[in-house]
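Visitor: Could you pick one strand and take me through its surroundings? I'd like a close look at what it pairs with and how covered it is.

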Amino acid sequence: MNELELYSRWAPDDGAWTPWVKPVLFAAPHTLADEEREAWRAAAERARGRWTPPRPGDTALVLDLPGPDALALAVECAAHGYRPVPLFNSCLGRNAVVPNEPLRAGLELGVDALAAARLLRDAAPAFVLDARRGQGGPKPLMFDNRWRVFAQDFPSANVLLSRGIRSVVLVQAGTNSPSIDLAHVLLRWQTAGLSIQAVDLASTSPAPAPIRVAKPAWYGALFQRLLVTIGLRRNSAGGFGEVVPDATTTGTGFA
Amino acid sequence: MNSPLAVAPRFSSSEYAELRRRTIFECGKWDPQYEDGCVLAEFALVLTPEVRDELGELAEALAREALAAEAELAARPELHAELGLPRAIRSALREARELGLSPGVARVQRFDFHWTTDGWRISEVNSDVPGGFIEASGLSRLAAETLGLALAGDPTAALADALARATPPDGAIGLVHATAFTDDRQVMLHVARALEARGRRTCLLDPTQLDWLDGRASAATAWFAGPLDALARFFPAEWLPNLPASSRWRHFFRGARTPLSNPGASLLVQSKRFPLVWDELATPLPTWRALLPETRSPREVDWRANDAWLVKPALGRVGDGIGLRDVVAPREWRAIARSARWFPAHWAAQRRFAALPVEAGGEPLYPCLGVYVIDGRRAGIYGRIARRPLIDARAQDIAVLVNA
């Protein structure tokens, strides 16, 4: 299966959520290795029966789990009627900070299970993220391929509401709080009237519970995206999380 | 006033779907969606050869003047603060007096033209790290095939040719960018393919992965190690000072012997406050004076009360932070106004022009034509179009073609 065929399977022409599928990993030529097949089998096994999503209807899912576990759970959720929408916005590469090969392999190896789900064109979305996207820091010689999500990577609250989505379930492991980048997205949705719930799969009895998304730093600020972007860019040489002082924040660095 | 821009018939839904797919997979455009909208327009803009040539001549004149002004400004450090440049960059440029300016090669500039009630006007030059190569070369080529029209030029090919001319046949070129950012990496991969087709080796890396020895750059990565014959930079110059000093980023401004496309000094004329120093320069700038709206310090004009003026950040990009009171959301306007009031030295006030829309499907849309000049010669057009008279991240990319 070539790159375009693979993309078309996850992002069919008539799919209601196809425009949001990120093409980056699909566009990367990749040859499956035996260990990747084994790793995917293990991820699929872990996902099986791990969590049952709500009956599809007015709920969207955001699966923010590490690497192939997110994709494997998305395929499981497809069997329950949710359309996986991969949002992986990062490249493959030698000596990369975030190893994306297992995800790329999962896209290929999960495609039959996805097809078997026979999803409706307007099936509710399950947005799939890699919780490792901001992990670690690059060392010399490494390829820094960490990434962040932005509000514009997702449909707006208007679109979700117009398509009958009323609530969003955030699925994570080890926490009920969204990551900072995702909080920018969820807060916009919450403000527009969508109900936000979270489930921690590491808890003993994982069940969605309502959360209030707190206002993250720089929410709605002038140049918010630029600030985060600069933070990400500058930190390709030194770690995420900083905000570049500029004329709109402080005078530091600009006299 | 008759528009020099025509709009091609809207692509059929199957043509459009095919165009989107091919732009992603053949041209490497990985960001075709922005929130709820596809960033690829469903039709193309069409120019006559005469309009293409007129824009090309104007852009080449602007480029000549800009390069002359850049050279003069580089030798006039006392003017750099007026341009709103960060202190660290001003310091690096001052060091050029002893160490020499870092040499430029394959100089790329893009001038953003708008059709207005007064004819053609420009809003800015992107002289540092202009983007749009995938769209201007790739998307436009696919649209040209679909519609049977001609390309307005191929900036990717022109850039790759210029870099190939500047390097030996088996030379290695470093493509410097923020590797974590796929929007930038896609452009670098697109350029890398064109360079490799011309027999050059390429290395994609971030600026901290350069070693500088006696002004010569070499790559220190797990995938490529060794000297580089030229650097193509897609990392904005004003962000370089945010890198650790150990990265020796100042070589992008002074003291390098490896040629750069573009050198850091290109930021001198990219500043939106460039017009504030025109009267201090010996370089004549007749084309700039004719095409760029009057620009003043925000301290000098009442831009808050007078809608004839807008404000923009001195080093803003992609339309970020442009203050058009009746166009941007009230909350955004308040934030912009507050920032421009508190830090006027980092903003410019510019007289507004009245952009004229084209009509597509009964809807008025505002186009912007980014005309590339590479090594002094016109090299294609990057088109964008927006529902409001502001070209920012919400604008769509549009193929710009020419009637044969």
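Guide: Let's start with the ground rule: two strands count as paired if DSSP finds at least two bridges between them. Bear in mind that this is a predicted model. The strand I'd pick is β20 of chain B, residues 377–386. On one side of the story is strand β19 of chain B, residues 363–374, which pairs with β20(B) over 8 bridges in the antiparallel sense. If you want a spot to zoom in on, Pro367(B) sits opposite Ile385(B), a residue of β20(B). Now follow the chain from β19(B) into β20(B): the two make a hairpin, with 2 residues between them. Have a look at the backbone in that turn, where Asp375(B) has a positive phi of about 50 degrees.

β20(B) has another partner too. Strand β21 of chain B, residues 396–398, runs antiparallel to β20(B) and is joined to it by 3 bridges. Here the pair to display is Arg384(B) and Asp397(B), the latter in β21(B), since they stand opposite each other. So that's β20(B) with 8 bridges to β19(B) and 3 to β21(B).

As for how covered the strand is, we call a residue buried if 20 or more other C-beta atoms lie within 10 Å of its own. By that count β20(B) is mostly covered, with 9 of its 10 residues buried.

Note on methods:
Residues numbered from 1 in each chain as written. Chains lettered and ligands numbered in written order. Predicted model: local features only at pLDDT ≥ 70, side-chain atom pairs only at ≥ 80, totals over all residues. Buried ≥ 20, exposed ≤ 12 C-beta atoms within 10 Å, placed from the backbone. Helix = DSSP H or I, 4+ residues; strand = E, 2+ residues; numbered from the N terminus.
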